[in-house]
Amino acid sequence: QNSLNNIGIIYDQMGDRENATAYSMKLIEFQEKNHLEPLKTNPYDQIGKNLKFFKKYDEALPYFNKALAIETRYKNYTGMAISENSLGNLYDDIQKPQEAIKHFVTGLRYAEKVNYQLLQTDLLINLGRMYQQLKWFEKAAGCVEKSEQICKQLEVTKPLKTLYQSMGDLYFFQKQYPM
């Protein structure tokens, strides 16, 4: 179980979606057939991400939901937050911002519960993007500002770059050009 999981992760990190999916399918079959506990959620997430990449959203949804169900059963709040973020991003892709918001808010609650600050920044940026799409600019700005505080506190640059892009989009969309 661990070997199949690790091989799938390595193929994913190498960008080899085909082999990552193949090993994820093998792992799902193996762990479900043998009723292994605890179940690994990575293969469900991996297949969901790959299907989402190919815009097969209806097919991806059950895999993301299965990963969330497993993480929920084990009360793994970190995994639950990650799964909620994946679901929110899927709903964003299919242009259902209200549904995406529900998942991002829930994921943020879980990430705050375990003090996973880096994931909080991602969830806040995603949540701000959804609020912006709905023209709820004040809520969007609140998310962006909170994410900025966390990024600066953590001294992380990559999320900060994404954040500033989101902030620029927010100002541009509102035709506000602060100097």
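Start with the surface: switch on the accessible surface of this predicted model, and the protein chain shows about 10400 Å² of it. Carbon and sulfur atoms account for 53% of that area. Now colour the charged side chains: you will find 23 positive and 21 negative ones in the protein chain. The centres of these two sets lie 2 Å apart.

**The whole chain**

Switch to a cartoon view. The protein chain has nine helices and zero strands, and reading along the sequence gives α-α-α-α-α-α-α-α-α. Turn the view along the principal axes, and the C-alpha atoms fill a box of roughly 60 × 30 × 30 Å. The radius of gyration is 17 Å, which agrees with the value near 16 Å for a compact globule of 179 residues.

How much of the protein chain is buried? Buried residues make up 41% of the 179 residues. If you draw the contacts between residues at least 6 apart in sequence, 52% of them join residues at least 24 apart.

**Helix H3**

Next, select residues 42-53, which form helix H3. This helix has twelve residues, and the distance from its first C-alpha to its last is 16 Å, close to the 16 Å expected at 1.5 Å a residue.

Show the side chains here. Which residues of H3 are buried? They are Pro43, Tyr44, Asp45, Gln46, Ile47, Gly48, Asn50 and Leu51. To see what covers these buried residues, bring up the neighbouring elements in turn: among them are helix H1 (2-13), helix H2 (17-33), helix H4 (57-73) and helix H5 (77-93).

**The loop before H3**

Step back to the loop between H2 and H3, where proline 38 has its place. Select the peptide bond from glutamate 37 to proline 38: this bond is cis, with omega near -5°. That is worth a pause, because most peptide bonds are trans and most residues other than glycine have a negative phi.

The loop between H2 and H3 also holds histidine 35. Check the backbone of histidine 35, and you will find a positive phi of about 50°, although the residue is not a glycine. Is histidine 35 buried or exposed? With a relative accessible area of 67%, histidine 35 is exposed.

**More positive phi values**

Move past H3 to lysine 55, which follows that helix. The phi of lysine 55 is positive too, near 60°.

Then jump to glutamate 155, in the loop between helix H8 (137-154) and helix H9 (158-173). Glutamate 155 is not a glycine, yet its phi is positive, at about 60°. Its relative accessibility is 71%, so glutamate 155 counts as exposed.

**Last stop: valine 114**

Finish by selecting valine 114, in the loop between helix H6 (97-113) and helix H7 (117-133). Valine 114 is partly exposed, with a relative accessible area of 34%.

What does valine 114 contact, leaving aside its neighbours within four places in sequence? Show Tyr77 and Thr78, and you have its partners. Now draw a distance from valine 114 to asparagine 76, C-alpha to C-alpha: the two are 9.4 Å apart in space and 38 residues apart in sequence.

Definitions and conventions: Residues numbered from 1 in each chain as written. Predicted model: local features only at pLDDT ≥ 70, side-chain atom pairs only at ≥ 80, totals over all residues. Heavy atoms only, no water. Helix = DSSP H or I, 4+ residues; strand = E, 2+ residues; numbered from the N terminus. Rg over C-alpha atoms; globule rule 2.2 N^0.38 Å. Buried < 20%, exposed > 50% of the residue type's maximum accessible area, 1.4 Å probe, protein only. Contact = heavy atoms within 4.5 Å. Areas by Shrake-Rupley, 256 points an atom, 1.4 Å probe, with all protein chains shown as cover. Lys, Arg positive; Asp, Glu negative; His and termini not counted. Charge placed at Lys NZ, Arg CZ, Asp CG, Glu CD. Expected span 1.5 Å × (residues − 1).
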